[in-house]
Amino acid sequence: MAAECGTAAEALVGQVVLPGDLLLLPAHYDEDAESERLRLSAGAAPQGRLLCGPGLRRSGAGLLVTKCGLLRHRPAGGGAYWVDSQQKRYVPVKGDHVIGIVTAKAGDVFRLDVGGSEPASLSYLAFEGATKRNRPNVQVGDLIYGQFVVANKDMEPEMVCIDSSGKSSGMGIIGQDGFLFKVSLGLIRKLLAPKCEIIQELSQLYPFELVLGMNGRIWVKAKTIQQTLIIVNILEACEYMTAEQRKQALAKLSGNR
Amino acid sequence: MAGDVKTKLSKNLLRMKFMQRGLDSQTKKQLEEEEKKIISEEHWYLDVPDLKEKESHIIEERSFLRCEDLVYGRMSFKGFNPEIEKLMIQMNSKCKEEEIEEDDKMEADVSDEEMARRYETLVGTIGKKFLRKRDQRVLKDDDEDDEVEEGNSNPRPSKRAKKMFLKPQD
């Protein structure tokens with residue numbers, strides 16, 4: 001097996017890459033990065049480091065692609081490359097905010113189903129204002145919005161519902177009613193992008209509440225069941241609709257209201 | 001008996017501290033060297049040249065959160081859940097520099113001038129607490145001269161000094 005000569009990473013940004021492709025980075029990342037760091041101020045020190053995101057692995061002086069998808073690049077903050085791939089199966093990653101369903105209570109720990117290979121564990125003390133005497137009111141079947149604090153392939157994933165300063169900042173038990181459904185991970189990232197058109201158009205329709213989990217789960221709640229189901233259908237279908245089809249569908253709905 | 005004991009004692013025993021107290025420094029050094037030889041021979045090591053670790057400037061990251069700029073996952077529209085709408089504004093502008101404005105507001109609660117004034121009076125009142133005895137003596141000396149004239153007893157001036165309550169300046 002002859003080693004493939006790689007192509008420059010910058011040339012492939014925005015194009016489809018396949019697993020096994022080798023991306024060459026510009027040489028200045030290796031040699032001159034040290035001198036660059038000395039010249040730059042202390043606040044800009046991390047600029048010498050390149051972020052190698054999901055779908056890419058470090059191999060020698062370049063990056064090896066491990067998933068097929070579109071190559072993306074972000075020049076800010078030292079630069080980042082990652083592969084924008086599509087998948088439905090979620091793999092727990094540290095720091096991700098996800099929606100979990102409580103499946104069991106085992107002593108001091110709740111078992112949550114997050115859509116990964118293992119159920120995640122959530123300690124009852126990991127809620128805001130929880131003490132040994134003041135336990136949170138969590139029942140089996142509740143929905144919880146939390147973030148991963150431990151998530152690697154060797155250990156069972158652990159979740160918490162507080163951030164590093166001890167505040168809940170929106171995490172915790174998601175309220176009553178509403179509708180939970182599953183979509184692909186790529187759609188979630190599209191919806192979470194800043195200034196997403198779909199979300200902006202939907203917000204013009206009627207008041208509703210939305211929780212997006214990085215594990216592909218979306219929870220929607222509106223005033224009536226019909227409105228909730230309309231939003232659910234639009235979100236599920238918008239993955240495969242073009243922008244015009246979506247606008248037409250929304251126009252029909254706002255006309256019928 | 002002593003002669004026999006020396007020849008029959010084991011090496012481990014001789015290595016013990018209480019047996020070595022009587023030895024001279026030379027024999028001690030010899031014993032130490034022998035111990036080191038034994039340890040270094042038993043020590044396993046890799047017969048491989050040292051690999052120079054390259055300082056890599058590439059960080060591997062499995063999370064999309066650090067690559068892309070994603071918004072907070074909980075959203076509410078048209079006032080359905082006012083707390084979440086407040087949270088949305090807060091979380092999505094955390095990236096921007098609104099936190100610095102909050103710090104400025106905190107500083108404005110107590111201005112520097114006020115702090116300086118309070119410290120002045122504070123130092124003054126606590127200082128007087130410690131100087132009272134000296135003041136009493138000074139007062140007493142003054143009053144002894146006056147006593148003959150006015151006929152006042154000693155503790156009274158000091159009592160008067162004590163009674164006068166100094167109101168702290170606001």
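How do the residues of the lining of the second largest pocket divide into nonpolar, polar and charged? In this predicted model, the split comes out at nine nonpolar, seven polar and eight charged. The pocket itself holds about 570 Å³ of space. Its lining is made up of 24 residues, and those closest to the centre are A:Pro54, A:Lys67, A:Val91, A:Val93 and B:Arg62. Two elements of chain A, β5 (56–59) and α2, each put in at least two lining residues, with α2(A) giving the most, at three.

Next comes the largest pocket, with a volume of about 1,000 Å³. Of its 38 lining residues, B:Leu70, B:Val71, B:Tyr72, B:Met91 and B:Asn92 sit closest to the centre. Chain A contributes two or more residues from each of β12 (143–150), α2 (185–192) and α3 (197–203), and chain B does so from β2 (74–77) and α5 (82–92). By type, this lining breaks down into 19 nonpolar, ten polar and nine charged residues.

As for the packing, nonpolar side chains tend to be buried together in soluble globular proteins. Here the largest nonpolar core counts 65 residues, and the ones touching the most other members are A:Leu122, A:Leu191, A:Leu202, A:Leu210, A:Ile218, A:Val220 and A:Leu235. Helix α2(A) turns up again, supplying the largest share of this core with five residues. Leaving aside residues up to four places away in sequence, A:Leu122 touches A:Asp108, A:Val109, A:Phe110, A:Leu112, A:Phe127, A:Ile144, A:Met159, A:Val160 and A:Cys161. Another core, of 14 residues, lies apart from the largest one and includes A:Val17, A:Leu23, A:Leu56 and A:Tyr81.

Notes:
Residues are numbered from 1 along each chain as its sequence is written. Chains are lettered from A and ligands numbered from 1 in the order in which they are written. This is a predicted model: local features need pLDDT of at least 70, side-chain atom pairs count only at pLDDT 80 or more; totals for chains, interfaces and linings use all residues. Side-chain values use heavy atoms; hydrogens and water are left out. On a 1 Å grid over the protein atoms alone, a cavity is a set of points where a 1.4 Å probe fits but cannot get out, and a pocket is an open set with protein on both sides within 12 Å along at least five of seven lines; lining residues have an atom within 4 Å of a point. Grid points are joined across faces, edges and corners, and a volume is the space filled by probe spheres set on the points. Helices (H or I, at least four residues) and strands (E, at least two) are DSSP runs, numbered from the N terminus. Ala, Val, Leu, Ile, Met, Phe, Trp, Tyr, Cys and Pro count as nonpolar, Asp, Glu, Lys and Arg as charged, and the others, Gly among them, as polar. A nonpolar core is a set of buried Ala, Val, Leu, Ile, Met, Phe, Trp, Tyr and Cys residues joined through side-chain atoms within 4.5 Å. Buried means under 20% relative accessible area, exposed over 50%, partly exposed in between (1.4 Å probe, protein chains only). Contact means heavy atoms within 4.5 Å.
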